[in-house]
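Good morning, colleagues. I would like to take a few minutes to go through one model, moving from the whole chain to individual residues.

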Amino acid sequence: MIETLKVQGMSCNHCVKSVEGSVGNLTGVSSVKVDLGSGDVSIEFDSEKTSLDQIKETIEEQGYDIV
């Protein structure tokens, strides 16, 4: 499953690494790509191993808002 989320608050490469690293460590996530310019975060994951809600919670725990 591939989902794209709009995320607010990301402003630099540290933000990108924070989101990609934390979401990428979740079980079942096979790829995470952040587009800093648009605020899009594309996640490819196995919905049987992790949920979209878990992914959103992980991003919010890093201090960013899902739009």
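I shall begin with the overall fold and then turn to a few selected residues. Please bear in mind throughout that this is a predicted model.

Let me start with the architecture. The chain contains 2 helices and 4 strands, and along the sequence these elements follow the pattern β-α-β-β-α-β. The radius of gyration is 11 Å, close to the 11 Å that the globule rule gives for 67 residues, so the chain is as compact as a globular protein of that length. Taken along the principal axes, the box filled by the C-alpha atoms is roughly 30 × 20 × 20 Å.

Next, some totals for the chain. Of its 67 residues, 31% count as buried. The accessible surface comes to about 4100 Å², and carbon and sulfur atoms account for 42% of that area. If we consider contacts between residues at least 6 apart in sequence, 58% of them join residues at least 24 apart. As for charge, the chain carries 5 positive and 12 negative charges, and the mean positions of the two sets are 7 Å apart.

I now come to the two helices, and to one residue in each. S22 sits in helix α1, which spans residues 13-24. Is S22 buried or exposed? Its relative accessibility is 16%, and because the cut-off for buried is under 20%, S22 counts as buried. Within the helix, the side chain of S22 reaches the backbone oxygen of S18 at 2.9 Å. Setting aside residues up to four places away in sequence, S22 touches T58 and Q62.

That leads directly to T58, which lies in helix α2, residues 52-61. T58 is buried as well, with a relative accessible area of 11%. A polar atom of the T58 side chain lies 2.9 Å from the backbone oxygen of Q54. Which residues does T58 contact, once its neighbours within four places in sequence are left aside? They are S22, V23 and L26. The contact between S22 and T58 therefore joins a residue of helix α1 to a residue of helix α2, with heavy atoms within 4.5 Å.

Let us move on to the loops. S11 is placed in the loop between β1, residues 2-8, and α1. With a relative accessible area of 60%, S11 is exposed. Its C-alpha atom is separated by 6.9 Å from that of L36, although the two residues are 25 apart along the chain.

S38 belongs to the loop between β2, residues 29-35, and β3, residues 40-45. S38 is partly exposed, at a relative accessible area of 30%. From C-alpha to C-alpha, S38 and V7 are 8.8 Å apart in space, while 31 residues separate them in sequence.

Finally, the start of the chain. M1 is found in the segment before β1, and at 53% relative accessibility it counts as exposed. What does M1 contact, leaving aside its neighbours within four places in sequence? The residues are I43, E44, F45 and S47. The C-alpha atoms of M1 and S30, which are 29 residues apart along the chain, are separated by 9.9 Å.

To close, I would return to the pair discussed earlier: S22 and T58 are in contact, S22 is buried, and T58 is buried. Thank you for your attention.

Note on methods:
Residues numbered from 1 in each chain as written. Predicted model: local features only at pLDDT ≥ 70, side-chain atom pairs only at ≥ 80, totals over all residues. Heavy atoms only, no water. Rg over C-alpha atoms; globule rule 2.2 N^0.38 Å. Buried < 20%, exposed > 50% of the residue type's maximum accessible area, 1.4 Å probe, protein only. Areas by Shrake-Rupley, 256 points an atom, 1.4 Å probe, with all protein chains shown as cover. Lys, Arg positive; Asp, Glu negative; His and termini not counted. Charge placed at Lys NZ, Arg CZ, Asp CG, Glu CD. Polar contact = N/O pair within 3.5 Å; in protein donor to acceptor, adjacent residues only side chain to side chain.
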